[in-house]
Amino acid sequence: MQADTIINNSFTSSSTPHEAAQNLSGNASSGGETIGPSNTEIISQVIILLVVLIISVGGNGLVCFLVFTVKQLQIPTNYFILSLAMADFLFAVMCLPFRIVNILQNYHWTLGLAACKFWIWLDLLFCSASIANLAAISVDRYLKIASPLTYDIRMTSVRVVLTLIALWGYSVCLASLSFVQGEAPGIIVVRQTCYIDNKIFLTVISVIGFFAPFLIMVLMYCFVFKMALAQAKEMFRRHETLYAGNKPNARRKSTRMSAGTIFFEVKATKTLIILLSVFCVCWSPFFVMTLLSLHSPEVYRGLPRWLSVLLKVMFVHLLPNCNSAFNPIIYTIYNHQFRKATEKLFKHYRRARSGSFTSFSEPLTELRRSNHAACSRPSQTTSSCMREESGI
């Protein structure tokens, strides 16, 4: 979200929204004198954001390229990942440059009111879409694990497309609320500071745009964890029943299946916990600080300058923006199909450099054959094939 324009209260004793925005954007006051950000603070932030920009564009661009070109990845589940990658890609391309320029100019906005409104609208749009897609992925993962036999019937391509249209429509509406003006002036530029002066809007967007999707993610992952435990207990119960019946062959089969299924469920649950943890670390401090600055600004008054700078840089300017770079890494490193497709792509790139490359259609066939051959081996357990098909 728009870091130094959404949080409109400061880490100092500001009494007006504009003073708050100035202080939060890097200009703290001390004895009537404005203390601007140091060169070290500016340079370090710019370098980090440039790295985030490169990783986000490259990582999310790679995810989009793989989904569009590898037919095996063109399944309903991966359409949500594609939508997430597009939101993060567009955020990096269209929003981060504004942020970097603003930081380079000592947090002074010199591009005018129209550009300020455009930047805030884009920022709200893509960040809301990213968070909404993360929530949708958690629901999709729950449905796939809860009802694996009926999932393909329920989650058709048409339903996924309609769901994505609804998610992006929701994001557009949420971002467009920033243009609504009532008693509060809304988006303004005062003394070279671009920010939102609307307490009600900022509160609503914090609750609807973050806390509601976050609650959905927590609930879905709790249900998945509970289901994994229930399925593991059921497999152990069946194993004990077969063991008591003294059926050696069935017992060996049950042992292999129960161990494989438990491994699959535990790995899936661990992956979901990692995803939720990264999302929580990147966004929770920012929105908690937003609500505190809106409704309890006295919390930040009297803080040492080094602490206010640390809070601002770490939890307002960096971590929320870094989430767009973390998403493609996390969602591909734990996804078997994306990992295999990426390996094939780089192998053929090296072959192209050496002159032995034929066409990019080859990795599609090889990837499909390798997965089919792996699942057709007698030693391959059903649960491991399920793990590869589910991408976990």
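This passage describes a nonpolar surface patch, the packing of two helices and the surroundings of one asparagine in a predicted model.

A nonpolar patch of about 600 Å² lies on the surface and is formed by Ile 43, Ile 47, Val 51, Ile 55, Phe 326, Ile 329 and Ile 333. Two helices, H3 (39–69) and H11 (305–333), each contribute at least two residues to this nonpolar patch. Helix H3 provides the largest share, with four residues. Among the patch members, Ile 329 is located in helix H11. The relative accessible area of Ile 329 is 43%, and this residue is therefore classed as partly exposed, a category that lies between the cut-offs of 20% for buried and 50% for exposed residues.

Helix H3 also contains Asn 39. The relative accessibility of Asn 39 is 59%, so this residue counts as exposed, the cut-off being over 50%. Asn 39 and Asn 106 are 67 residues apart along the chain, and a distance of 9.1 Å separates their C-alpha atoms.

A further feature concerns helix packing. In general, a pair of packed helices is described by the angle between their axes and by the distance between the axes. Helix H4 (residues 76–94) packs with helix H6 (residues 112–146) at an angle of about 160°, and their axes are 9 Å apart. Because angles over 145 degrees count as roughly antiparallel, H4 and H6 are assigned a roughly antiparallel arrangement. The crossing formed by H4 and H6 is left-handed.

Technical notes
Residues are numbered from 1 along each chain as its sequence is written. This is a predicted model: local features need pLDDT of at least 70, side-chain atom pairs count only at pLDDT 80 or more; totals for chains, interfaces and linings use all residues. Side-chain values use heavy atoms; hydrogens and water are left out. Patches are made of residues with over 30% relative accessible area and no salt bridge: like charges are joined within 9 Å, nonpolar side chains (Val, Leu, Ile, Met, Phe, Trp, Tyr) within 5 Å. Accessible areas come from the Shrake-Rupley method with a 1.4 Å probe; for residues, only the protein chains shown count as cover. A salt bridge is a side-chain nitrogen of Lys or Arg within 4 Å of a carboxyl oxygen of Asp or Glu. Buried means under 20% relative accessible area, exposed over 50%, partly exposed in between (1.4 Å probe, protein chains only). Axes are lines fitted to C-alpha atoms, for helices over the stretch in contact, and angles run from 0 to 180 degrees between N-to-C directions. Angles under 35 degrees count as roughly parallel, over 145 as roughly antiparallel, 65 to 115 as roughly perpendicular and the rest as oblique. A crossing is left-handed if the near helix is turned anticlockwise from the far one by less than a right angle, and right-handed if clockwise.
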